[in-house]
Amino acid sequence: MKAEIAKRRTFAIVSHPDAGKTTMTEKMLWYGGAIREAGHVRAKRNRKHTTSDWMKIEQQRGISVSSSVLNFPYAGCWFNLVDTPGHEDFCEDTYRALTAVDSALVLIDSVNGVEKQTIKLMEVCRMRHTPVIAFINKMDLDGRDVLDLLDEIERVLGVRTAPFTLPIGYGKSFAGVFGLRNNTLHAMGEEGEEEIALSGIDDPELDRRFRASDLEILRERHAFATGAMDPFDKEAFLAGEQCPVFFGSAIRNFGVKQLLEAFAELAPGPLPRESDVRAVDPFEESFSGFVFKIQANMDPNHRDRTAFIRVCSGMFERGAKVLHCRSGKQIRLAAPTAFMAQDKEVIDRAYAGDIVGINDPGLFNIGDTLTAGEKFRFRGIPDFTPEHFSRVVLMNPLKSKQLAKGLEQLSEEGATQLFVPVTGSQCVLGVVGELQFEVLQWRLQTEYGAETRFEQLSVFGARWVVGPEEEADRFRKAHLNDCYRDKKDRLVCLFPNEFRYNLAVKEYPELRFLDKSEE
Ligand code: G4P
């Protein structure tokens, strides 16, 4: 069992739409032998679609359910690639996916550099000290200067860089990369990637193969990278403070192999996890895990859902009985599924690091812990402040039960955050991307039969109010109209503007106003 666990590499790809995540995923699966030809993963969801297209695609949930986690073997490791939604309006799902991984690949477009969504998602990685490896993609285009890109990663993403390769030539003349760690040339050949061992950066083989002007730039960059930059420090990498950087072109299948090898060699296997009682080591005999994602199937007749569980310790066998810690119930995991490219299949066992899907009869919430019997709760899934807020108005008052049920289930599933007012009855929904509202409204109608109107609210941000009870009470009474309870009954203030927020911070020094919930 220990060897199986140590082999696991569970990671996610962090990128801005269009940086090449789909292409990269496809190439990785190809290396792992999980698909026979490129073009398979092209279920390019969301990105350039209109809402109605998105809904149609979501109806065919088969695609997105089965591609939620992709597994493949490579270089003696077992990779679990946790897929994240392509559309930025659904990046809340990505935040949660990042809590289920042990490392991340940051994919950056060489032309556009560090983009908005990458910045947001990297904040989550930084908060969790997730080790990241960066890949600068689209080197076959006339992109930005290498040092400029490295500098931007350091400044904007707040992580030091250690280039592992340097490109030779740019854009159309991009011809390969030089490996800094072992002086290897990876040349772009007719038949894919050619690997040649060199004596160093001055090896005449380089001069035989490449243009003098490209080599001059390469040697300059090399002198800078080896002279002025910090050398790679594995501890700093594992602490999420320094990231190895690779250059390549996913579409031309260049640099992907080097990247996978780096993941196999450098990225950590399953890491220990904190719980409210003790730290849980992945190599412990007993099974434990937590739910990081719930996906509803769209068939309104069977309101069944799939709960995705990250296995945190030990091994889990089909049919085993586990403890659902929140409810104290024993449940049998009858048909755990794993996901292989397009197919999902029932599996017999899964190890720490793996992700399995189980049928959820409506019992699970995001963040729930499952164990072999011990009672504890994993930390690690805070709620982040939504960016858009809407009040829900029910069109047919006779359907209030349906609405309540729909809102409850959709918030359990993580499709929205539900805020219940401390006075009054109209709930407020919070989402990260506006497109989520349209999807929610449509799902409330089609799955629960509740026709609603959403009234957008102008809210500066949700702040979880934390501090001595008396003070929190005083605050609540003075801000009744802006105070709500979240799904865990925590006090949240939806500040209408920044001024009111700043005022509260000043007036209530004993309270903290957090933009993400404490776990
Ligand atoms: P995403 O999932 O991150 O949104 O990106 P995706 O892989 O879909 O790639 C976005 C676009 O960038 C695609 O072009 C893709 O072909 C292109 N691309 C990916 N990697 C590279 C690369 O290394 N070099 C270059 N030049 N282009 C790359 P598209 O025109 O939007 O789609 P398609 O017509 O290729 O399907």
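Colleague: What makes Lys 257 and Glu 261 about one helical turn apart?

Modeller: In this predicted model, both residues sit in helix H11 (residues 256–266), and they are four residues apart, so about one helical turn separates them.

Colleague: Why is the pairing of Lys 257 and Glu 261 called a salt bridge?

Modeller: The N to O distance between their side chains is 3.9 Å. The cut-off is 4 Å between a side-chain nitrogen of Lys or Arg and a carboxyl oxygen of Asp or Glu, so the pair qualifies.

Colleague: And how do you know whether Lys 257 is buried or exposed?

Modeller: Lys 257 has a relative accessible area of 26%. Buried means under 20% and exposed means over 50%, so Lys 257 falls in between and is called partly exposed. Glu 261, at 33%, is partly exposed by that reasoning too.

Colleague: What about Arg 273: why is that residue called buried?

Modeller: Its relative accessibility is 8%, which is under the 20% cut-off, so Arg 273 counts as buried. Its salt-bridge partner is Asp 102, which is buried as well, with a relative accessible area of 2%.

Colleague: What makes the Arg 273 and Asp 102 pair a salt bridge?

Modeller: Their closest N and O atoms are 3.9 Å apart, and that is within 4 Å, so the rule is met. The two residues are 171 apart along the chain, so this pair links distant parts of it.

Colleague: How many salt bridges does the rule give altogether?

Modeller: The count comes to 34. Among the residues involved, Glu 4, Lys 7, Arg 8 and Asp 354 are linked in a network.

Note on methods. Residues numbered from 1 in each chain as written. Predicted model: local features only at pLDDT ≥ 70, side-chain atom pairs only at ≥ 80, totals over all residues. Heavy atoms only, no water. Buried < 20%, exposed > 50% of the residue type's maximum accessible area, 1.4 Å probe, protein only.
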